[in-house]
Amino acid sequence: MAGTEGREIARLYKRHLSRGRGKLGEMFGGQVEVASAGSWVRTEDGRSHLNCGGYGVFLAGACHPRIVAAVEQQLRTNPLATRLLLEPRAAHAAAALTRVAPTGLARVHFTNSGAEAVETALKLARSRGHRRIVSTTGGFHGKTLGALSATGKPFYRDPFTPLLPDTTHVPYGDADALREALGADAGDAVVVVEPVQSEAGVLVPPEGYLKEVAAACSASGAFFVLDEVMTGLGRLGAWWGADREGVTPDVLLVGKALSGGVVPVAAAVATAEAFAAFDRDPFLHTSTFSAAPLAMAAAEAAIGVIEDEGLVERAALLGRRILAGLRAAVARHCPHLVREVRGLGLLIGVEFDDAGLAGEFLLELLARDVIANHSLNAHTVVRLTPPAVLGEPELDHLDDALDGAFRALAQRFPAA
């Protein structure tokens, strides 16, 4: 149960932030997080929770010393820029990002969030005449108006319609449906897809799907945007979902792990051709806090940490181990409650028979000091996005917590 501080924080949430968000916090025990480091989050009651949530932000863990040091140094010297003079941190961060991006992506526009990166990509597409949006059912691209237009979930879209016109959603993983929606001449279309649909419940498409998407765009003249806000920078056990199939989009979207778990930052990384309008006029698409030196210090340091500590390879290794452990635990305790365990790298989903079971599982994990997330577009799916810095003690803790949570569910909801 929540302590005195937890009750007060919940009251302030309900009074000043969101009544629903305050109630949700109370449902999860009213715990208040006060500190984080590495794979752990500490709450006001002194407990430490293994952080397998955070919506994919903490690939390098929380408060990584190298990233924090870079941000602290920038904070003491030049945290925000004049926007008129050249600023070195942005230049170095862009160089670092393009160094690890798929070949051919050489231009960067930094943003403060993934949704803003989507808006940037849609404007780049429009600058070249691509106004018709084709995205996928269940896809999640953000909740600003343009990004929401591409998002394939009526629950989030319907309260804010009309959104951008000429928007079509096709089944995810179905290249034939995409080709049909595009038609022979799609010089007016922009295609927005994810390598793995994260918020839809960690849906992994058929092998070769991205290659077919890229080919369909090339053949019809459509503009190709690959949303890797969640999946990029190693989350899938590869630098990019694009790398797994050898594709290069017109624009690739980056976020989450780019922050290093320290300062919010995202980006749209584009080919020179796609970026041409922004090259011609640097004031065509701007934001006061875009490429803020503080965020750039975090981004450059985060990329360096991912490279130097081998976190991409580590994500692949850990993902295989955690997936195997999850499947074994489900088989032992509750195959009657779980439809599927799936994922790539450290993007892992557990799909239950109903949303109520998913909620119960989240509570059981929290009781065992593990934080996970539900999927925004698939409430039957609990999603784990653990950091790639897990060591053996953390893995043992996670294995025990998962096994105990599944066992508890099986005891409460036995097979008929």
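The following exercises, each with a worked solution, concern a predicted model.

**Exercise 1. The four-stranded sheet**

Determine the order of the strands in the open sheet of four strands, and state which strands stand at its edges.

Solution. Begin with the order, which reads S11-S12-S15-S14, with antiparallel pairing. Next, consider the ends of this order: S11 (338-344) and S14 (373-375) each have a single partner strand, so one side of each is left without a neighbour in the sheet. These two strands are therefore the edges. On average, neighbouring strands are turned by 30° against each other, direction ignored.

The pairing of S11 with S12 (residues 347-352) can then be examined in detail. The two strands are joined in the antiparallel sense by six bridges, and Gly343 stands opposite Ile348 in S12.

**Exercise 2. Helices on the sheet**

Identify the strands touched by helix H14 and by helix H15, and give the angle reported for each helix.

Solution. First take H14 (residues 355-367): this helix packs on the sheet and touches S12, S14 and S15 (378-384). The direction of H14 makes about 30° with that of S15. Then take H15 (residues 392-412), which also packs on the sheet, with S11, S12 and S15 as the strands it touches. The direction of H15 makes about 10° with that of S12.

**Exercise 3. A hairpin and its parallel neighbour**

Describe how S3 pairs with S2, and then how S3 pairs with S13.

Solution. Start with S2 (residues 40-43) and S3 (residues 48-51), which pair in the antiparallel sense over three bridges. Within this pair, Trp40 stands opposite Leu50. The two strands form a hairpin with four residues between them, and Gly46 in the turn has a positive phi of about 90°.

Now turn to S13 (residues 370-371). Two bridges join this strand to S3, and the two run parallel. The bridge partner of Leu50 in S13 is Val370. Leu50 thus appears in both steps, opposite Trp40 and as bridge partner of Val370.

**Exercise 4. Three residues and their burial**

Classify Ser39, Asn373 and Ser290 as buried or exposed, and list their contacts beyond four places in sequence.

Solution. The cut-off needed is that a buried residue has under 20% relative accessible area.

1. Ser39 is located in the loop between S1 (33-37) and S2. Its relative accessibility is 4%, so Ser39 is buried. The contacts of Ser39 are His49, Leu50, Asn51, Pro387, Val389, Leu390 and Glu394.
2. Asn373 belongs to strand S14. With 10% relative accessibility, Asn373 is buried as well. Its contacts are Gly53, Gly54, Tyr55, Leu362, Val381, Val382 and Arg383. For Tyr55, the separation from Asn373 is 318 residues in sequence, yet 7.1 Å in space from C-alpha to C-alpha.
3. Ser290 occupies the loop between H11 (276-280) and H12. A relative accessibility of 4% makes Ser290 buried. Ser290 touches Arg83, His109, Phe110, Thr111 and Asn112.

**Exercise 5. The span and packing of H13**

Compare the span of helix H13 with its expected value, and find the elements against which its buried residues pack.

Solution. H13 (residues 311-333) has 23 residues. The expected span is 1.5 Å times one less than the number of residues, which is given as 33 Å for H13. The helix reaches 32 Å from its first C-alpha to its last, close to that expectation.

For the packing, note that the buried residues of H13 include Leu311, Ala315, Leu318, Ile322, Leu326 and Val330. The buried residues of H13 pack against H12 (293-308), S11, S12 and H15.

**Exercise 6. Empty space in the model**

State the volumes of the largest cavity and the largest pocket, and specify which residues or elements line them.

Solution. The structure holds one cavity of 30 Å³ or more. The volume of the largest cavity is about 30 Å³, and its lining consists of Leu122, Arg126, His130, Arg131, Ile133, Leu164 and Val190.

The largest pocket has a volume of about 960 Å³. Of its 32 lining residues, Arg21, Phe28, Gln31, Glu33 and Ile371 lie nearest its centre. Elements giving two or more residues to this lining are H1 (4-17), H2 (19-27), S1, S2, S3, H14, S13 and S14. H2 gives the most, with five residues.

Notes:
Residues numbered from 1 in each chain as written. Predicted model: local features only at pLDDT ≥ 70, side-chain atom pairs only at ≥ 80, totals over all residues. Heavy atoms only, no water. Pairing = 2+ DSSP bridges. Axes fitted to C-alpha atoms, helices over the stretch in contact; angles between N-to-C directions. Contact = heavy atoms within 4.5 Å. Buried < 20%, exposed > 50% of the residue type's maximum accessible area, 1.4 Å probe, protein only. 1 Å grid on protein atoms, 1.4 Å probe; cavity = no way out; pocket = protein on both sides within 12 Å on 5 of 7 lines; lining within 4 Å. Points joined across faces, edges and corners; volume = space filled by probe spheres on them.
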